[in-house]
Amino acid sequence: MAPMGIRLSPLGVAVFCLLGVGVIYHLYAGVISSHLAAFRQARKVDLRELLAVSVEAAVLGGIEVKKVREENGLKEKSKGKTREGASELLTAGDLQSHRKMFNLISNTFPDIKVNSEEHDNTVDKTATWSQNIPADILEMIKGGKDVPAESITVWIDPLDATQEYTENLVKYVTTMVCVAVDGKPVIGVIHQPFTGFTAWALVGQGSNMTPRSSYSVSPPKVIVSRSHSGEVKNYIHGAFGNNTTIIEAGGAGELFYIFIQVQIKTLIAFVAVVYLYL
């Protein structure tokens with residue numbers, strides 16, 4: 001006699017499979033969750049390395065800025081006007097510096113957020129960190145200061161003082177990086193492409209700059225941006241008195257130049273009253 005055939009119900013098979021998946025999920029959900037949590041916790045960034053990358057990014061951006069200016073290939077155009085009425089210029093130097101700086105930092109630390117004054121969709125995966133930490137950073141900054149990647153925000157200015165750049169007032173031009181942790185700035189880098197000088201600082205650990213011994217000056221001298229003056233002059237005279245000397249500068253680049261190399265012992269502040277674009 002031929003054996004009787006066994007017929008499986010498709011619905012029964014489906015229910016059995018679903019039950020099996022449910023059992024497996026409950027057995028391994030805890031393990032998977034713990035692994036994911038460990039992975040998230042593992043995304044740490046060493047601030048000394050981030051400082052070194054920020055310095056390298058500012059320098060490489062500066063190389064692009066200098067090359068475009070020396071080749072006279074600015075290709076300048078207006079991005080529009082600020083709410084104070086000043087023209088905002090964009091050059092090839094801005095864009096090429098942005099691409100170097102943005103991609104280098106993003107490629108090295110893909111889990112941190114990088115904001116730039118310029119916007120460009122060019123992706124350059126070849127922009128990689130040299131793994132070199134400058135000797136002065138190694139000497140002054142201790143390693144092992146790790147912070148969660150998601151707590152870090154990097155702000156870059158690929159070319160500050162674009163107006164002066166187009167006028168060939170290159171000593172005022174800088175590239176800059178600021179790093180914030182939980183919204184508080186902890187790293188600052190300012191690089192002068194046409195002199196090769198770079199200033200850096202890591203809050204609470206060190207800097208390659210020497211602080212002033214005193215900030216008490218009478219009568220005071222204050223720098224303001226000539227392109228974003230707004231109502232700042234009236235504000236300064238109201239705050240510090242009518243005897244205050246006001247010096248007009250070409251943005252943060254010229255401010256840095258004056259503070260560091262010209263009148264560091266007599267200047268007390270840089271003041272700007274402008275709209276912020278975030």
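This passage describes a sheet and two helices that lie across it in a predicted model.

Strands of a sheet are held together by backbone hydrogen bonds, and their pairing may be either parallel or antiparallel. In this model, six strands make up an open sheet of mixed pairing, arranged in the order 4-6-7-8-9-10. Strand 4 and strand 10 (206–207) occupy the edges, and because each has a single partner strand, one side of each is left without a neighbour in the sheet. At one of these edges, strand 4 (residues 113–116) runs parallel to strand 6 over four bridges, with Ser116 having Ile156 of strand 6 as its bridge partner. At the other edge, strand 10 is joined by two bridges to strand 9 (residues 198–202) in the antiparallel sense, and Leu202 stands opposite Gly206.

Strand 6 (residues 152–160) has seven of its nine residues buried, that is, under 20% relative accessible area, and it is therefore largely enclosed by the rest of the structure. Strand 6 also pairs with strand 7 (residues 174–181), here in the antiparallel sense and over seven bridges, with Ile152 and Val181 as bridge partners.

Helix 2 (residues 47–70) lies across strands 6, 7, 8 and 9, running at about 35 degrees to strand 8, whereas helix 3 (residues 92–108) lies across strands 4, 6 and 7 at about 155 degrees to strand 6. Of the 24 residues of helix 2, 17 are buried, so this helix is largely enclosed by the rest of the structure. At the start of helix 2, a side-chain oxygen of Asp46 comes within 2.8 Å of the backbone nitrogen of Arg48, while just after the helix Asn72 adopts a positive phi of about 55 degrees.

Technical notes:
Residues are numbered from 1 along each chain as its sequence is written. This is a predicted model: local features need pLDDT of at least 70, side-chain atom pairs count only at pLDDT 80 or more; totals for chains, interfaces and linings use all residues. Side-chain values use heavy atoms; hydrogens and water are left out. Buried means under 20% relative accessible area, exposed over 50%, partly exposed in between (1.4 Å probe, protein chains only). Two strands pair if DSSP finds at least two bridges between them. A polar contact is a pair of N or O atoms within 3.5 Å; within protein, one must be able to donate a hydrogen and the other to accept it, and residues adjacent in sequence count only if both atoms are side-chain atoms. Contact means heavy atoms within 4.5 Å. Axes are lines fitted to C-alpha atoms, for helices over the stretch in contact, and angles run from 0 to 180 degrees between N-to-C directions.
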